[in-house]
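This briefing concerns the fold of a single protein. Please consult the sequence and the structure shown below while reading the points that follow.

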Amino acid sequence: MNISEIKDLMSQFDQSSLREFAYSNNGESLVLSKNDTKSAAPETQPVVPSATSVSPASAESVVEPVPTPAAESVAEGDLVESPLVGVAYLAPAPDKPAFVSVGDRVKKGQTLLIIEAMKVMNEVPAPKDGVVTEVLVTNEEVVDFGKGLVRIK
């Protein structure tokens with residue numbers, strides 16, 4: 001894949017409603033994402049086709065996550081896991097406060113966050129009364145089934 005093909009794909013991806021796009025062919029891979037994921041340490045590495053050079057401006061958009069070992073959690077409490085795959089929202093709207101934050105007391109059934117899947121907003125309720133000791137996801141993060149979302153003690 002040459003640089004003009006990559007730039008064309010990036011342009012088409014930018015104009016589409018897709019949030020993520022991945023492509024692999026003959027050992028070359030390209031991953032594009034519009035999801036804002038924040039991490040404490042840089043965990044991404046540019047993916048550059050072997051026979052092509054990519055300008056620094058376009059290299060920022062062409063990244064692939066590098067797997068790292070999961071850090072041991074220091075917070076106590078029961079883990080609330082994602083019941084489905086989707087996008088996690090920590091607040092009911094962008095201009096509203098988060099449903100819960102660390103230190104908040106919650107009641108069984110209280111909404112902890114929302115997961116959007118297939119344009120449907122699914123509330124994730126607290127499984128028990130307790131105190132939120134840890135929020136394990138960021139706003140608009142894509143979550144998989146079974147991923148830890150919140151800890152409640």
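The points below treat overall composition, then one sheet, and then burial and contacts.

The model is predicted. The secondary structure of the protein comprises two helices and 12 strands. Among the arrangements formed by these strands is an open sheet of four strands.

**Order of elements**

- Read from the N terminus, the elements follow the sequence α-β-β-β-α-β-β-β-β-β-β-β-β-β.
- This succession begins with a helix, and three strands separate that helix from the next one.
- After the second helix, the succession continues with strands up to its end.

**The four-stranded sheet**

- In this open sheet, the strands are ordered β9-β8-β6-β11, and their pairing is antiparallel.
- Strands β9 (120–125) and β11 (141–143) form the edges, each pairing on one side only.
- From one strand to the next, the twist averages 40°.

**The pairing of β8 with β9**

- Strand β8 covers residues 111–117 and is joined to β9 by six bridges.
- The two strands, β8 and β9, run antiparallel.
- Thr111 has Pro125 in β9 as its bridge partner.

**Burial, surface and contacts**

- The protein has 153 residues, of which 27% are buried.
- Its accessible surface amounts to about 10100 Å², and carbon and sulfur atoms account for 53% of that area.
- Of the contacts between residues at least 6 apart in sequence, 54% join residues at least 24 apart.

Methods. Residues numbered from 1 in each chain as written. Predicted model: local features only at pLDDT ≥ 70, side-chain atom pairs only at ≥ 80, totals over all residues. Heavy atoms only, no water. Pairing = 2+ DSSP bridges. Axes fitted to C-alpha atoms, helices over the stretch in contact; angles between N-to-C directions. Buried < 20%, exposed > 50% of the residue type's maximum accessible area, 1.4 Å probe, protein only. Contact = heavy atoms within 4.5 Å. Areas by Shrake-Rupley, 256 points an atom, 1.4 Å probe, with all protein chains shown as cover.
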